[in-house]
Amino acid sequence: LLEQLKDHRSPVAWLCKGFEAAPDSTASAGLLGHEIRAQLAPRLKAGVLSGPSFALEVARGQPTALVAASEHACVRDVLVAAFHSPTLRVYANDDIVGVEVGGAVKNVLAIATGLCDGLGLGLNARAALITRGLAEMTRLGLALGARAETFMGLSGLGDLVLTATGDLSRNRKVGQLLAEGMNLRQAVDSLGHVAEGVYTARTAVQRARQLGVDMPISEAVVALLEGRLKPAQAVATLMGRDPKQETI
C-alpha cells in the first residue's frame, strides 16, 4: 500500500501500533511504521495518530485525548484539524519515533500486568510492572532516537496505564487468561479480536537486543508466550534479578 501511495500528495496517517513482524524467529527485527515509510515511500508526508483510546469509548463520544505525530508540521496540522472535537482532544508532537515506540511496547507490557492481575499478585506488583515497564520502553525509544519526555505523555505513560489496567484491554486479557491456565492459542482464540502485544513482543525484544537495550519485562513476556516459562516462573525470573540503581 505504501508503494502505491509513494507519490501521493495528501498527508497519510496510520493508526496501527507495533513493529513489523519478523518473517521467522531467525529474521532481523521488524521496523516501525515511519521506518517502513522511509524505505518504501520516502517522499510521502505521513504521520501517526496514537494515545490512550479504547475504540468503544471513542465511538460512544466519551472524552479522549490523543497525539498526532509526524516530522512534517503540515501532517500534524491536518490530523489535529480533522480529528479534534468537543469529545476528542488531539495534541501535536514531532517525535514520531517516541510515539510509535510507546504505542508498540505498551501492548507487550499490558500482557505482563494482565498476568500479574490473573495471578492475584496485588496492586503493588502491578504498579511496579507499569513503572519499570515505562523505564524499559523509554530505554528502547532513546536508543532509536526518541525524546525521553515523549514517554511521559499520552502515547507513553498515558497509553501504558490505560492498556495495562483497563478491562477493555485485549492485551491485558491475554495475560489474565495465561495466568488462568490457558495456552496462547486458546487465549488468543477466545478474544475474537487481535491482541497486538502477542505479535509485537518478539520483534520489540529483537530490536532491543540489536541495540543492546535491557528489557527484562518484555523478555519475560516473550518467554511466556513461547512456552519457555510458566506464569509463576516468569514472575520468579523478574523478582530474582540482582538489585540495581533505579535509572532509566
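Contact here means heavy atoms within 4.5 Å. The notes below use the word in that sense, and they concern a predicted model.

1. **Domain layout.** The domain assignment splits the protein into domain 1 (2–93) and domain 2 (97–240). Taken over C-alpha atoms, the two centres lie 21 Å apart. Domain 1 gives 32 residues to the contact, and domain 2 gives 29 residues.

2. **Buried area between the domains.** Domain 1 and domain 2 bury about 2,200 Å² between them. Of that area, 66% is on carbon and sulfur atoms. On the domain 1 side, Lys-17, Phe-19 and Phe-54 deserve a look: they supply 32% of the area that domain 1 buries against domain 2. No other three residues supply more.

3. **Polar links across the boundary.** There are 2 salt bridges between domain 1 and domain 2. The count of residue pairs in polar contact between the two domains is 7, with both residues at pLDDT 80 or more. As for Lys-17, its side chain forms a salt bridge with that of Asp-159, at 2.7 Å from N to O.

4. **Which elements of domain 1 touch domain 2.** Two or more residues each come from α1 (33–40), β2 (46–50), α2 (55–59), β3 (64–69) and β4 (88–93). Strand β3 gives the largest share, 4 residues. By class, this side of domain 1 has 17 nonpolar, 10 polar and 5 charged residues.

5. **His-34.** This residue sits in helix α1. Its relative accessible area is 14%, so His-34 counts as buried; the cut-off is under 20%. The side chain of His-34 makes a polar contact of 2.6 Å with that of Glu-100. Beyond residues up to four places away in sequence, His-34 touches Trp-14, Ile-96, Val-97 and Glu-100.

6. **Arg-37.** Helix α1 also holds Arg-37. Arg-37 is buried because its relative accessible area is 7%. The side chains of Arg-37 and Glu-71 are joined by a polar contact of 2.9 Å. With neighbours within four places in sequence set aside, the contacts of Arg-37 are Leu-2, Trp-14, Pro-42, Leu-44, Ala-46 and Glu-71. Trp-14 is thus listed for Arg-37 and for His-34.

7. **Ile-111.** Ile-111 belongs to helix α4 (residues 96–118). Its relative accessibility is 0%, so Ile-111 counts as buried. Outside its neighbours within four places in sequence, Ile-111 contacts Asn-171, Gly-175, Gly-197, Val-198, Val-221 and Leu-225. One distance for orientation: the C-alpha atoms of Ile-111 and Asp-77 are separated by 34 Å, and the two residues are 34 residues apart along the chain.

8. **Helix α10.** How much of helix α10 is buried? Of its 10 residues (216–225), 9 are buried, so the helix is largely enclosed by the rest of the structure. The buried residues are Pro-216, Ile-217, Ser-218, Ala-220, Val-221, Val-222, Ala-223, Leu-224 and Leu-225. Val-221 and Leu-225 are among the contacts of Ile-111. The cover over the buried residues of α10 includes α4, α5 (123–143), α7 (170–179), α8 (184–191), α9 (196–211) and α11 (231–239).

9. **After helix α10.** Gly-227 follows α10. The phi of Gly-227 is positive, near 80 degrees.

Conventions. Residues numbered from 1 in each chain as written. Predicted model: local features only at pLDDT ≥ 70, side-chain atom pairs only at ≥ 80, totals over all residues. Heavy atoms only, no water. Buried < 20%, exposed > 50% of the residue type's maximum accessible area, 1.4 Å probe, protein only. Domains from an automatic or database assignment. Buried area = accessible area lost by both parts, 1.4 Å probe. Salt bridge = Lys/Arg side-chain N within 4 Å of Asp/Glu carboxyl O. Polar contact = N/O pair within 3.5 Å; in protein donor to acceptor, adjacent residues only side chain to side chain. Nonpolar A, V, L, I, M, F, W, Y, C, P; charged D, E, K, R; others polar.
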